[in-house]
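Colleague: Could you take a close look at the pocket lining in this model for me? I'd like to hear which parts of the chain build it, and then whatever you can say about their surroundings.

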Amino acid sequence: MKSPIFLNRVLLRNYKSIADCDVRLGPLTYLVGANGAGKSNFLDALQLVRDALSISLDNALNTRGGLTEVRRRSSGHGRGRPTNVGIRLDFTLDGAIPGHYAFDVAALAGYGYAVQTEECAVDAAYFRVERGVLRSSTEPAFPAVTPDRLALVGASGMAAFRPVFDALTSMGFYNLNPKSMREPQNPQDGRLLKPGGENIASVLGQLQREAPERMAEIRNHLKTVAPMVHGVERKQIGPFETLEFRQEMAGTKHLFPAQNMSDGTLRALGVLTALFQGSRNETPLLIGIEEPETALHPATSAALREALAKASEQRQIIVTSHSPDLLDSPDITADQLLTVVSQDGKTRMAPLDQASRSAMRDQLFSAGELLRLNQLDPDITLLDTQRHSPLFEGALP
């Protein structure tokens, strides 16, 4: 069976609170840490790549407050020395084709920014752009480049680089909003779920028509997470659409509109839709979800873990969490965890240290129990090496 892993490795430089980060990802990765440690900033860096390619780099930066708010300043006197924002993603396409995509962005004097270096390699194809100038490429013809845009957008018209563009722009990131899911919605594009779940009725309607097996999976998992709910489907109300739930009460099944459902039930449905969305021709390779356990009863943690594990057989999953209940299972291994901590205002993340790994391997403690004891510690030796990892290779592969 083809591996679901798309991103093998993520390397970040000076992204918000993250000074240096160089981590490996598996099919299912839990980012675990306290509130404010910087877990969300890791997912946001990946989402910035998606947004910069699918819309524009300018829009991706401006929606985050501009480059000043995105980049981290180095420690020192006064406000600190301005630093470049750098991102590198090492990936595998179709379970077999390796590659990487990297760029860094610098502030210009006065106002503005420029992409200092951008590099993409996939299979035998390669390009490198520096300050708006193409320095090297395997392709005999290359589209025009400018320093304020990512060259991969133009290169997506080339057969060699189109799969990279499609894979990166298909990534989905979710911080679900029950209020947006509860209200009647205008019919929207239902191919992929939007970040807050605001088009969930359209997505479920499209799944009912084009991928009934995925819709069945969502319903089955929802019944496990919310046992009183026996089904859900899209319902048309004049020019709007909404969700209608079948719920059992006193041995009788009743229909309820989304407005009558709890935040926990709606969030659970949103999480499951994010995990199992996509038709045969439109499937995101990576899904990131912020705290999927929010508003859910602790007793549902096992059902949620099962859904996450099942979805990770088909696509790569990253979740942030600080819930001991969600992690309280011997089925969660040390390799699935990245510990996120804040040290002197810097976000640091790494796999577990050897003491935590040994405790889990010997089944002395589960990950959830170690989290309750505040003993999920990062490997210090790996933290010290992350700042030396290069963003770019700088030569034809």
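Modeller: Sure, but let's settle the labels before anything else. A helix here is a DSSP run of H or I with at least four residues, a strand is an E run of at least two, and both are numbered from the N terminus. Also keep in mind that this is a predicted model.

Now the pocket. The largest one holds about 910 Å³ of space, and 36 residues line it. If you want to find its centre on screen, look for Ser 170, Glu 282, Thr 283, Pro 284 and Leu 285, the lining residues that lie nearest to it. Three elements each bring at least two residues to the lining: strand E4 (85-93), helix H5 (162-169) and strand E9 (172-174). H5 has the largest share, with four residues. As for chemistry, the lining is a mix of 15 nonpolar, eleven polar and ten charged residues.

Of those three elements, E4 is the one I'd follow outwards. It runs antiparallel to strand E1, and six bridges join the two. One pair to pick out is Val 10, which stands opposite Leu 89 in E4. E1 itself covers residues 7-15 and is mostly covered, with eight of its nine residues buried. It has another antiparallel partner in strand E2 (residues 18-24), again over six bridges, and there Leu 12 stands opposite Cys 21. E1 and E2 make a hairpin with two residues between them. Lys 16, in that turn, has a positive phi of about 50 degrees.

There's a record for this stretch too: an unreviewed UniProt entry lists residues 7-51 as "domain: Endonuclease GajA/Old nuclease/RecF-like AAA". Over those residues the chain is 29% helix and 47% strand, with the end C-alpha atoms 17 Å apart.

The E1 and E4 pair also has a visitor from much further along the chain. Pro 390 is in the segment after helix H14 (380-385). Beyond its sequence neighbours, Pro 390 is in contact with Arg 9, Leu 11 and Arg 13, plus Arg 88. Arg 13 is 377 residues away along the chain, yet the two C-alpha atoms are separated by 9.9 Å. Even with those contacts, Pro 390 counts as exposed, because its relative accessibility is 53% and the cut-off is over 50%.

For a contrast, try Ala 303 in helix H10 (residues 301-311). Ala 303 counts as buried because its relative accessible area is 9%, under the 20% limit. It touches Thr 224 and Val 225, leaving out residues up to four places away. The C-alpha atoms of Ala 303 and Thr 224 are separated by 6.1 Å, with their positions 79 residues apart in the chain.

Last, enclosed space. The structure holds one cavity of 30 Å³ or more, and the volume of the largest cavity is about 40 Å³. Its lining includes Gly 190, Arg 191, Val 203 and Gln 206, along with Gly 278 and Ser 279. By class, that lining divides into three nonpolar, four polar and two charged residues.

Notes. Residues numbered from 1 in each chain as written. Predicted model: local features only at pLDDT ≥ 70, side-chain atom pairs only at ≥ 80, totals over all residues. Heavy atoms only, no water. UniProt positions renumbered as here; feature names shortened; annotations may be inferred. 1 Å grid on protein atoms, 1.4 Å probe; cavity = no way out; pocket = protein on both sides within 12 Å on 5 of 7 lines; lining within 4 Å. Points joined across faces, edges and corners; volume = space filled by probe spheres on them. Nonpolar A, V, L, I, M, F, W, Y, C, P; charged D, E, K, R; others polar. Buried < 20%, exposed > 50% of the residue type's maximum accessible area, 1.4 Å probe, protein only. Pairing = 2+ DSSP bridges. Contact = heavy atoms within 4.5 Å.
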